[in-house]
Amino acid sequence: MQTFWVSLKEDLSLTDRLMIFCALALAVWGVVCIYSAASGTAGHGFDYAFRQAAWLSVSVAAMLAVMIIGHDKMLEGAYPLFGLTLLLLLLTLLAPKVNGAQSWLGIGGVRFQPSEFAKVTIILMMSKFMSRYPPLDFKTFMMCLGVIMLPVFLVLIQPDAGSALVYLVISFGMLLAAGTPMKYLLGLAGLGLSAIPVMFMFGLKEYQKNRILVFIDPMRDPLGAGYNVIQSRIAVGSGGMTGKGFMMGTQSKLKFLPEPHTDFIFSVFSEEFGFIGNMILIVLFSVLLCRVIMAGVRSKERRCKILVAGVASWLWFQMCESMGMSIGLLPITGLPLPFLSYGGSSLLASFIALGLVASIYIEGGNSRHGF
Amino acid sequence: MEILDSRLKLLLGLMAVSVFILVGGLCLCQVYQSDKYVRLAHNNRLRMIRFPAPRGEIFDRNGVPLAVNDTTFCIMGYPLDLNTPEELEHLSKILMRHGIPFTVSELEKTIKQQRLAPYRVMKIVPNLTMTQMAELVADYEFPRELFPLSVWRRTYPAGTTAANIVGYVGEISEGELKARSEEGYTGGDLIGKSGIERSYEAVLRGAPGQEALEVDARGRKIRTIDANPAVKGEDLRLTIDMGAQKLAVELLKGWKGAIVAMDVHTGAVIALASSPVYDNNPLSWGVSGREWNSIMNDPERPMLNRAIAGVYPPASTFKAFMSIAALEEDAITQSTMISCRGGLRFGSHLFKCWKHSGHGALNVIGGLQHSCDVFFYQTGLRTGIEKLIKWGRKFHLGEPTGIDLPGESGGNIAGPDWKMRRFNSAWAGGDTVNYSIGQGYMLMTPIQIAREYAAIANGGKIVTPHLCAKGYRKPEDMGINPAKLEIVRRGLEAVVSRGTGSRAGRFGVHVAGKTGTAQNSHGDDHALFAGYAPAEAPKYVAVAVVEGGKHGSSVAGPMVGQILAHLLSH
C-alpha cells in the first residue's frame with residue numbers, strides 16, 4: 001500500500017499535469033453543461049449531472065490506475081484485450097436494441113458501450129502490431145488494414161456507422177505516424193472518398209442518406225431530418241459573442257434541440273457560453289491534443305509514437321465532428337463530444353487513453369535523463 | 001524514428017488546420033450572423049402542446065354513471081405578459097368583476113410557483129365553468145395575451161356511495177412518474193390513485209393528443225400546423241348495482257363495517273359497501289394538504305375499504321367451513337352426536353359454550369343451527385389442525401381473493417407454521433379449540449367470507465370476485481362431495497328457519513346462512529352474518545360485518561336479509 005502511494009505521487013510529479021488539467025477542466029465543464037441541458041425537458045438535470053460526476057470520478061481513478069500499471073504492461077496485454085473486445089462486440093449484437101442500434105451491454109445493472117472501449121484496445125493492438133510489422137511495404141500495409149477491418153465490420157452491423165468511422169480515422173492517423181509511404185496513404189484516402197457515392201447508393205440506411213442530403217440542404221426537410229441541423233445552428237448562432245448565460249439557453253430548454261445532453265451538448269454549450277466560451281473550449285482541446293502528440297515526440301519508443309497518434313486522432317476527430325455538425329459544417333453522426341457529452345463509457349474510455357499517454361510521457365522523461 | 005516524429009508533427013499540423021476552419025465557422029455563425037440567429041431563436045415558431053385524453057367513464061351494471069368527465073376551463077398565459085403589478089391588478093379587477101375571487105397576491109403566488117422559463121406557458125386561473133369563461137372572453141378589457149384551455153375534470157356522481165369502489169384520480173406523483181417512465185406519462189397527468197380508477201388505469205386513460213402550433217415571438221398561438229387528436233379511454237361497466245349498493249350504504253349508516261353482495265356462480269360483486277364513507281370528488285380535484293391530512297388521520301379511517309381490507313375473526317360464520325372440512329375428512333358424519341354441557345375442559349382450561357346451560361346432544365345440523373361451540377371444539381380436535389389448514393388452503397383462506405381493486409388484504413390462515421414464525425412457540429391443542437369457532441389467530445376479510453359462502457352455495461367452486469367483466473376468472477372446483485355439502489347447507493337453512501339467524505329470514509326470501517359474534521378486545525363484539533338466497537337454488541351471497549354490533553343475529557342478520565331480498569325482487 002505504501003509503495004502504491006509513493007509511486008502514484010512520483011508518477012503525478014513526473015507526468016504531464018497540463019494535459020491532465022485540460023482534460024479535467026473539460027470534463028467538469030461538461031458536468032455543468034449536462035446539468036443545464038437536461039434541466040429543460042423533464043427536469044432531470046441533477047440526476048444526469050450527478051451520474052456523470054460519478055462516472056468522472058471512476059474515470060479519473062481508472063486513468064491513475066493505468067498510469068501506475070504503465071503503458072508497457074498494457075501493451076503486453078494488447079492482443080488478448082483486442083480479442084476480448086471483438087468478443088464483446090459480438091455479444092452486443094445479441095443484446096436488446098436501444099434507439100434502433102445494438103451498442104449496449106449490461107453487467108449487473110451498469111450498461112456500457114463496448115464500442116467505446118474498443119477505441120482504446122484498437123489503439124493498443126495497432127501500435128503493437130505496427131511496431132512489429134511496420135507498414136512500409138504493401139504486404140504489411142494490407143495486413144494492418146485487415147486487422148482494423150475486424151472491429152469496423154462488427155460495429156457496422158450494429159449498425160453504428162459513427163464508431164466505424166472513428167475506428168477508421170484512428171487507424172489512418174496511426175498508419176500515418178507509423179511512417180507508411182505517402183502513396184499508400186493517399187491511395188487509401190482516394191479509395192475512401194471514391195467509395196462514398198457507392199456507399200451512398202447501396203450501403204447506407206435511409207436515415208443516414210437523409211442526414212447527408214440534409215447536410216447539403218437543411219431546408220429540404222425542415223420539420224424532419226433537417227430540423228435538428230437548423231435548430232442546432234440557431235442555438236449556436238443565437239449564443240452570439242458572450243452567450244445567453246448559464247441555464248438561460250432557450251433552444252435547449254424549449255426542447256428544440258434533440259438529445260441536448262449527449263449529441264448536441266456543444267450546441268447547448270455554445271448557446272449559453274457564446275463565442276468566447278467556445279474559444280476557451282477550443283484552446284483547452286488544442287493544448288490537450290498538442291500535449292498528447294508531444295508525449296509521443298518525447299518518447300524513444302516506436303510503438304509509443306504510434307499509440308499517441310491514435311489517441312490524438314480519436315479525440316481530434318470526435319471534437320471536430322461534434323462541433324462541426326452543430327453548425328452544419330459536417331453531417332450529423334451522433335458521436336459524443338469527448339469529455340463533455342453525457343455518457344459513462346465514452347468518458348471512461350477517454351480517460352483510460354489519457355492514462356496511457358501520461359504513462360508514455362513519464363517513460364519518455366526517464367529515458368531522456370538516461371535511466 | 002526520425003520519420004515517425006516528422007509524421008507526428010504533420011498530424012499536428014493537419015489538426016491545427018482543421019481547428020482553424022472550425023474557429024472560422026464558429027466566428028461566422030456566432031459573430032457575423034449572430035443577429036440573424038438570435039432573431040430566429042426568438043421567433044422560433046413551433047410549439048408542441050400535449051393535451052390529455054378524456055378518461056373512460058365508469059357505469060354500474062344498469063348504466064348509472066359512477067365516474068364522468070366535466071369540461072372546465074383554465075386561463076393560460078406566459079410569465080412575460082404578467083410581469084408588472086399593474087398587469088396583475090388589471091387582471092384581478094376583471095376576474096373580480098365576473099365573480100371570480102382572485103386577489104393580486106393570489107395571482108402572484110400562482111405565477112411564482114410555476115415560473116420556470118419566460119417562454120413556458122402556465123396555468124393562471126384553474127377550474128372555471130363554461131359560462132364564466134365565455135363572460136371573461138367577451139369582456140373587452142380581458143388581456144388578449146391570455147387564452148383559455150379546456151381541461152377535463154373527473155367527477156363522481158355517486159360520490160360517497162361508491163367512493164370505496166370507484167376510487168379517485170389525482171396528479172401523477174414524482175414516484176409514479178419514475179416507475180411508469182415507459183408508459184408515456186408526463187408531469188401534470190391525471191392517474192388513478194385508488195379503486196377501479198387505479199386497477200383499470202391502463203384501460204381508462206386513453207391516448208393523449210398532440211398539437212403543433214405556430215406561435216408568435218411571445219409564444220401565442222397563430223395557427224395549428226398539425227394535430228393528433230386525443231383518444232378517449234375505454235368506458236367501463238361494473239357489475240355493481242347502484243340500487244343494492246345504496247341500500248347497503250344506508251344499512252351501514254351509523255355503524256363501522258362492511259357489506260358485500262355477490263353472484264354465487266360468477267363472483268360478480270353487486271354491492272361492496274364500507275362504512276364510514278368518504279367523498280371522492282374533492283380528492284380528484286386536488287385538496288389542500290390540511291384537508292388531506294384530516295382525511296388520512298381520521299380515527300374512523302374512512303379511506304380503509306373494510307370490505308376488502310378490513311380483517312376480522314370470522315367467528316361462528318367459520319363453523320360452515322369447519323363442518324365441510326370435518327365431513328370431508330371423515331372426522332364426523334351426519335349421525336355423529338356430540339353432547340354439550342355448556343363447556344369443554346381441555347387441559348387445565350375450560351372452553352365455554354355461548355349457552356352456559358348447554359345444548360345437550362347434537363349432530364352437525366343441530367350444531368350449526370344452534371351455533372353450538374362445544375360441538376365444533378370437539379369437531380376441530382377430531383379433525384386436527386393440519387387437516388383444517390389443508391382445507392383452508394383449498395378455500396384460499398389467508399390469501400387475497402384477487403378482486404380487481406388495489407389494496408386488498410389476505411387475512412391470516414394462521415396454523416402451526418405461522419405461529420412458530422410469528423411467536424416462536426408451538427401450536428397448542430387449545431389453539432385448535434379456539435380456531436374451530438373462528439376465534440384466535442384466524443382473520444378474514446368480508447370479501448373472503450363472501451367467497452367461502454359462495455362456494456358452499458354453488459356446489460364447491462371457488463370464484464374470483466370481480467367488479468368488471470375483465471376481472472372474471474373461471475371458478476375452481478374444490479371437488480367436495482355433494483352429499484356432504486348438502487348436509488352443511490341443510491344446517492345453514494336451519495340456522496335461519498329455526499335457529500340463531502331467524503331475523504335474516506323475515507324479508508320474504510328463503511335465506512340460508514350463519515351468524516357470528518367476534519370477540520373484540522377493544523370494545524363491543526363485532527357482529528357478522530353470511531348468507532345466500534334462495535336457499536334451494538342459490539343465486540346471491542351477502543355478508544355483513546358490523547364493528548361493535550354486539551350480536552350477529554340482531555344487527556348483521558337483518559342487513560343480509562334485506563340485501564338478498566332486494567336483489568331477488570329486482
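Colleague: In which loop of chain A is the place of A:F339?

Modeller: A:F339 sits in the loop between α13 and α14 (344-368) of chain A. Helices are DSSP runs of H or I with at least four residues, strands are E runs of at least two, and both are numbered from the N terminus. Before we go on: this is a predicted model, where local features need pLDDT of at least 70 and side-chain atom pairs count only at pLDDT 80 or more, while totals for chains, interfaces and linings use all residues. Residues are numbered from 1 along each chain as its sequence is written, with chains lettered from A and ligands numbered from 1 in the order in which they are written.

Colleague: Okay, and what is the phi of A:F339?

Modeller: General idea: most residues other than glycine have a negative phi, and most peptide bonds are trans. A:F339 has a positive phi of about 70° although it is not a glycine. A:F339 is also buried, with 29 other C-beta atoms within 10 Å. The cut-offs: 20 or more other C-beta atoms within 10 Å of a residue's own is buried, 12 or fewer is exposed, in between is partly exposed, and C-beta atoms are placed from the backbone.

Colleague: Which residue of chain B, other than glycine, has a positive phi near 55°?

Modeller: That's B:S371, in the loop between α15 (364-370) and α16 (373-383) of chain B. B:S371 counts as buried too, with 27 C-beta neighbours inside 10 Å. For a glycine case, look just after α13(A), where A:G328 has a positive phi of about 80°.

Colleague: And which residues does a cis peptide bond with omega of about 0° join?

Modeller: B:S275 and B:P276. B:P276 is in the loop between β12 (269-275) and α11 (280-285) of chain B. There's also a cis bond from B:A533 to B:P534, with omega near -15°, and B:P534 is in the loop between β20 (526-533) and β21 (540-547) of chain B.

Colleague: Back to α13(A). How many Å apart are its end C-alpha atoms?

Modeller: The expected span is 1.5 Å times one less than the number of residues. For the 25 residues of α13(A) (302-326) that gives 36 Å, and the end C-alpha atoms are 37 Å apart, so the two agree. As for cover, 24 of the 25 residues of α13(A) are buried.

Colleague: Now helix pairs. At roughly what angle do the axes of α4 and α5 of chain A cross?

Modeller: Two packed helices are described by the angle between their axes and the distance between the axes. Here axes are lines fitted to C-alpha atoms, for helices over the stretch in contact, and angles run from 0 to 180 degrees between N-to-C directions. The axes of α4(A) (78-92) and α5(A) (114-132) cross at roughly 150° and come within 9 Å. The two helices are therefore roughly antiparallel: the label needs over 145 degrees, while under 35 is roughly parallel, 65 to 115 roughly perpendicular and the rest oblique.

Colleague: Which residues of α4(A) meet α5(A)?

Modeller: Contact means C-beta atoms, placed from the backbone, within 7 Å. An α-helix has 3.6 residues a turn, so residues three or four places apart point the same way. On the α4(A) side the list includes A:L81, A:T85, A:L88 and A:T92, and on the α5(A) side A:F117, A:T121, A:L124 and A:K128 are among those they meet. The residues of this contact split into 11 nonpolar, 4 polar and 1 charged, where Ala, Val, Leu, Ile, Met, Phe, Trp, Tyr, Cys and Pro are nonpolar, Asp, Glu, Lys and Arg charged, and the others, Gly among them, polar.

Colleague: What about between chains: how many residues does each of chain A and chain B give to the contact?

Modeller: Chain A gives 38 residues and chain B gives 29. On the chain A side, α12(A) gives the most, with 11 residues. One helix pair across the chains is α7(A) with α1(B) (2-32), packed at about 140° with axes 8 Å apart. That makes α7(A) oblique to α1(B). In this pair A:G173, A:L176 and A:A177 meet B:L4, B:R7, B:L8 and B:L11.

Colleague: Last one: what fraction of the 570 residues of chain B counts as buried?

Modeller: 44%, and for the 371 residues of chain A the figure is 51%. Chain A has 14 helices and 2 strands, whereas chain B has 22 helices and 21 strands.

Key. Contact = placed C-beta atoms within 7 Å.
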